[in-house]
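I opened this entry to record what I looked up, beginning with one pocket and then working outward to the chain that forms it.

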Amino acid sequence: MANNFGDGLKDVFLAGVGAMAMTGEKAQELVNQLISKGEITVEQGKQINDELVQKAADTAKTIRYDALETAMAAMTPEQRQEFAAKAAQFAASAKDEAAKADAQDTAEAEGGACAAK
C-alpha cells in the first residue's frame, strides 16, 4: 500500500509540474505577443518572465514540501526513522560532492593562475 500511496503522490506532483510548465509556456506566448504588438518592451517582457520563473520555482518548492509532509505523515515511526537516515546519507553525499567540486574549481583556478605567470 505504501508504494501505491507513493506512486499516487508522485503522480500528483508530476501533474502539478506539468500544469505549471503549460502555464509558463502560455504566459511566455502572451509576453511575446505583447512585445510584438509594442504594448511592452523587451526589457519589461524579460522582467515578467523572470518573475514567472521565480513564482514557478516557489510553487514547485511548496508542492515538494507538501508532498513530503503528506508522505511522512503516512509513514510508521520505523519508516520515518529509515527515511531520516537515508535523507542524512543523501545530504552527506551532496555535501561531499559540493566540497569536491569546490576543491576542483580552486585547483583549476590556481593552475590557471600559475600558467599565466
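Before noting any volume, I wrote down what the word pocket covers here: an open set of grid points where a 1.4 Å probe fits, with protein on both sides within 12 Å along at least five of seven lines. I also noted that a volume is the space filled by probe spheres set on the points. The model is predicted, and I kept that in mind throughout the entries below.

Entry 1, the pocket. I looked up the second largest pocket and found a volume of about 180 Å³. Helix H1 (2-36) and H2 are the elements that give two or more residues to its lining. The lining consists of Met-20, Thr-23, Gly-24, Ala-27, Gln-28, Asn-49, Leu-52, Val-53, Ala-56 and Thr-59. I then sorted these by character and obtained five nonpolar residues, five polar and no charged.

Entry 2, lining residues in H1. I asked myself whether Thr-23 is buried or exposed. Thr-23, which lies in helix H1, has a relative accessible area of 52% and is therefore exposed, the cut-off being over 50%. Its C-alpha atom is 9.6 Å from that of Leu-52, with their positions 29 residues apart in sequence. Gly-24 is also found in helix H1, but at a relative accessible area of 36% I recorded Gly-24 as partly exposed. For Gly-24 and Asn-49, which are 25 residues apart along the sequence, I read a C-alpha to C-alpha distance of 8.7 Å.

Entry 3, a lining residue in H2. Thr-59 sits in helix H2, and its relative accessible area of 37% makes Thr-59 partly exposed. I paired Thr-59 with Met-20, 39 residues away along the chain, and found their C-alpha atoms separated by 8.6 Å.

Entry 4, the geometry of H2. I wanted to know what span helix H2 should have. H2 runs over residues 42-74, and its 33 residues, at 1.5 Å a residue, should span 48 Å; the end C-alpha atoms are 48 Å apart, so the two values agree. I also listed the buried residues in H2, and these include Gly-45, Ala-60, Ala-67 and Ala-71.

Entry 5, the whole chain. The protein chain has three helices and zero strands, so its pattern along the sequence reads α-α-α. Of its 117 residues, 9% count as buried. The chain exposes about 9300 Å², of which carbon and sulfur atoms supply 59%.

Entry 6, confidence. I found a mean pLDDT of 80 for the protein chain, with 84% of its residues reaching 70 or more. Among the elements, H2 has the highest mean pLDDT, 85, and H1 the lowest, 72. As a caution to myself, I added that predicted coordinates should not be read in detail where pLDDT is low.

Note on methods. Residues are numbered from 1 along each chain as its sequence is written. This is a predicted model: local features need pLDDT of at least 70, side-chain atom pairs count only at pLDDT 80 or more; totals for chains, interfaces and linings use all residues. Side-chain values use heavy atoms; hydrogens and water are left out. The expected span of a helix is 1.5 Å times one less than its number of residues. Buried means under 20% relative accessible area, exposed over 50%, partly exposed in between (1.4 Å probe, protein chains only). On a 1 Å grid over the protein atoms alone, a cavity is a set of points where a 1.4 Å probe fits but cannot get out, and a pocket is an open set with protein on both sides within 12 Å along at least five of seven lines; lining residues have an atom within 4 Å of a point. Ala, Val, Leu, Ile, Met, Phe, Trp, Tyr, Cys and Pro count as nonpolar, Asp, Glu, Lys and Arg as charged, and the others, Gly among them, as polar. pLDDT is the predictor's confidence in each residue, from 0 to 100. Accessible areas come from the Shrake-Rupley method with a 1.4 Å probe; for residues, only the protein chains shown count as cover.
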